[in-house]
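Please look over the chain shown below before reading the briefing that follows. The points are grouped by topic, from the chain as a whole to the packing of individual helices.

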Amino acid sequence: MVSAAAAGTWVLGDSEVNRIGFGAMRLTGSAAFHEGTPRDRSQAIDVLRRAVRLGINHIDTAAFYFSRLRSANELINSALAPYPDDLVIVTKVGPARDADGEWITPARPDQLRGQVEENLRQLGRDHLDVVNLRIMDQESITEHFGALAELRDAGLVRHLGIAGARPEHLAEAQEIAPVVCVQNRYGIDAPGGHAMLRACAAQGIAFVPFFSIAGQGREAGAVRAEHDQVRAVARAHGVSPAQVRLAWTLQQGSHVLAIPGTGNPEHLVDNVAAGALRLTPEERRLLDSIGRPHTGTGTSNPTAGTLRG
């Protein structure tokens, strides 16, 4: 069985993590938040424990990842506490939901401490390894990111990142405190993030795409027919389309981390195995053609680097 170590490593903050991680959002149900069928609690806990056994040491979560019956943070706490020394838990703040699960006005800068403390309480931690500010249509993030920098100085947070960001947000945040990761939507059929991909590569910052497998399905998961190019590469290797999508994501650069989420133990094993899949230059060019106008150059992404590990 393939270990997450096959994907190589990256230093996230001050911790070396395997580049295949785990996204906790889908643990709460078959679709995100209140929609869909709730996951079986024991199966969700088994998936988390199996993920750690498979070498995953980077988990992405948030206090607003909850459904009517499940809370991602509570599941992580129940499954994994006391936490392994090498496990990095990344949370995010900014979006807000009420007790009924309805989305409400995003947090003001003075409300971010409460969100950080809620994550601490749910996870049973005295500090958070990494906290991402999820940008919610703000033009400027100075006040919000500054509030998180104060919590970092107070010892509640060790490292900071941003999510849903543009390059100008990254520059703004870097003026306030170091940024160790950027989480943005990016994938084979969501290629609009090249500018941030390059900016992170140039500065040695982890780039962490979300919806790499789900694509246009976003929170609901993969809901469309798969692209012919993805299916062709999958057939050539005898693997799933999801593995091809993850392998393509990881091969965009040595600074790229993947956080596929699932509540299915078999899908978890399949996702981790993607870290060992190496696409040929021809296969990458074929996949790069999805959703992009044909230029005739066949040029691969210039930020792709050699995997470390």
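Of the 309 residues in the chain, 56% are buried. The structure is a predicted model, and its chain holds ten helices together with eleven strands. Among the contacts in the chain whose separation is 6 or more, 74% are between residues that lie 24 or more positions apart.

**Confidence of the prediction**

- Averaged over the chain, the pLDDT is 89, and a value of 70 or more is reached by 87% of the residues.
- One stretch that falls under 50 throughout is residues 217-221, for which the model nevertheless has twelve contacts beyond four places in sequence.
- Residues 294-309 also have a pLDDT below 50, and for this stretch the model has 35 contacts beyond near neighbours in sequence.

**Packing of helix H3 with helix H4**

- Helix H3, which covers residues 112-123, and helix H4, which covers residues 142-153, have axes that come within 10 Å of each other and cross at roughly 50°.
- Because a crossing angle counts as roughly parallel only under 35 degrees and as roughly perpendicular only from 65 to 115, H3 and H4 are oblique to each other.
- The crossing in which H3 passes H4 is right-handed.
- On the H3 side the contact is made by Leu-112, Arg-113 and Val-116, while H4 contributes His-144, Ala-147, Leu-148 and Leu-151.
- Sorted by class, the residues in the contact of H3 with H4 comprise five nonpolar, one polar and one charged.

**Packing of helix H8 with helix H9**

- Helix H8, formed by residues 241-250, packs against helix H9, formed by residues 265-273, at an angle of about 40°, and the axes of the two helices are 8 Å apart.
- This angle makes H8 oblique to H9, since the range that counts as roughly parallel ends at 35 degrees and the range that counts as roughly perpendicular begins at 65.
- H8 and H9 cross in a right-handed sense.
- The residues that make the contact are Ala-242, Gln-243 and Leu-246 from H8, together with Asp-270, Asn-271 and Ala-273 from H9.
- In the contact of H8 with H9, three of the residues are nonpolar, two are polar and one is charged.

Terms used: Residues numbered from 1 in each chain as written. Predicted model: local features only at pLDDT ≥ 70, side-chain atom pairs only at ≥ 80, totals over all residues. Heavy atoms only, no water. pLDDT = per-residue confidence, 0-100. Contact = heavy atoms within 4.5 Å. Axes fitted to C-alpha atoms, helices over the stretch in contact; angles between N-to-C directions. Helix = DSSP H or I, 4+ residues; strand = E, 2+ residues; numbered from the N terminus. Parallel < 35°, antiparallel > 145°, perpendicular 65-115°, else oblique. Left-handed = near helix turned anticlockwise from the far one by under 90°. Nonpolar A, V, L, I, M, F, W, Y, C, P; charged D, E, K, R; others polar. Buried < 20%, exposed > 50% of the residue type's maximum accessible area, 1.4 Å probe, protein only.
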